[in-house]
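Got the viewer open? Keep the selection tool handy and follow along, one stop at a time.

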Amino acid sequence: MLSPFAIKTTISPNPNLTSFYANPLPLRPRTAIFPTPTTPRRLPTIRAAIGRAKKEETVETLKIQLENCYLIAGIKYKGLTVKQFQDLRRSLPSSVKLIVAKNRLVDKAIEGTPWAALKPCMKGMNAWLFVHTEEIPSALKPYREFQKERKLEENDFSGAVFEGRFYGPAEFKALETMPTRAEIYAKLLGSLKAPGAALVGTLQAPARDLVMVLKAYVQKLEEQGGQ
């Protein structure tokens, strides 16, 4: 019978057990009992909300300018300084409003109106002249003089709409040389004073009344121009 000491010396360690304890198997991560909460959906930031409100406000401002407007003209303002804009605004009459707005906002404001004809000049950077007077040449003259004085050849008109028709840059001469209302009425009265105007005496009373109204209006314009 072998002694315990003899058994101990004759039994060799199991190599598999030695390898297991030296390199234990990696532990698997426990599965969470409760699901991990997902990242909440990001809400619009305050800055984005303010930006959207500002755009809506600009569109409303543009729509207000469309009321009682006779002409809208675009101006290529790329390169103009803040001071030049300030000087330009001061040179404009009270009947003309200069607004800097992105093309897409203007496009949204004029959508579905006769001013939609302005779309061909919706390119590049534009400032917009809203003319609230029938005296178109006098409304455009301040910017033309401003452009010449500062040699801003590249900052020309990009287009305009008058009476539903679009005018390209090359057609602005027709707008800038239009006769004034006083000149039109004066020409009409002059034609009535021509030899053929003797027929006016045979016209009915309403026609004579029309001539008198036109004459009085021309006289009023001349008095206002002399003040």
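Some vocabulary before the clicking starts: two strands count as paired if DSSP finds at least two bridges between them. Helices (H or I, at least four residues) and strands (E, at least two) are DSSP runs, numbered from the N terminus. What you're looking at is a predicted model, where local features need pLDDT of at least 70, side-chain atom pairs count only at pLDDT 80 or more, and totals for chains, interfaces and linings use all residues. Residues are numbered from 1 along each chain as its sequence is written, and side-chain values use heavy atoms, leaving out hydrogens and water.

Select strand E2 (residues 96-100) together with E3: they run antiparallel, joined by five bridges. For a landmark, pick Val100, whose bridge partner in E3 is Ala127.

Now add strand E1 (residues 71-76), which pairs with E3 in the antiparallel sense over six bridges. Here, Lys76 has Asn126 as its bridge partner in E3.

Stay on E3 (residues 126-131) and show side chains. Six of its six residues are buried (under 20% relative accessible area, 1.4 Å probe, protein chains only; exposed is over 50%, partly exposed in between), so the rest of the structure largely encloses this strand. Asn126, Trp128 and Phe130 point one way, while Ala127, Leu129 and Val131 point the other.

Next stop: helix H4 (residues 82-91). Gln84, Phe85, Asp87 and Leu88 are its buried residues. They lie on the same side of H4 because they cover an arc of only 165 degrees around the axis, taken from the directions from the helix axis to the C-beta atoms. Swing round to the other side of H4 and you'll find Val82, Lys83 and Arg90 exposed.

Which elements do the buried residues of H4 pack against? Select E2, E3 and helix H6 (136-149) to see those partners, with contact meaning heavy atoms within 4.5 Å.
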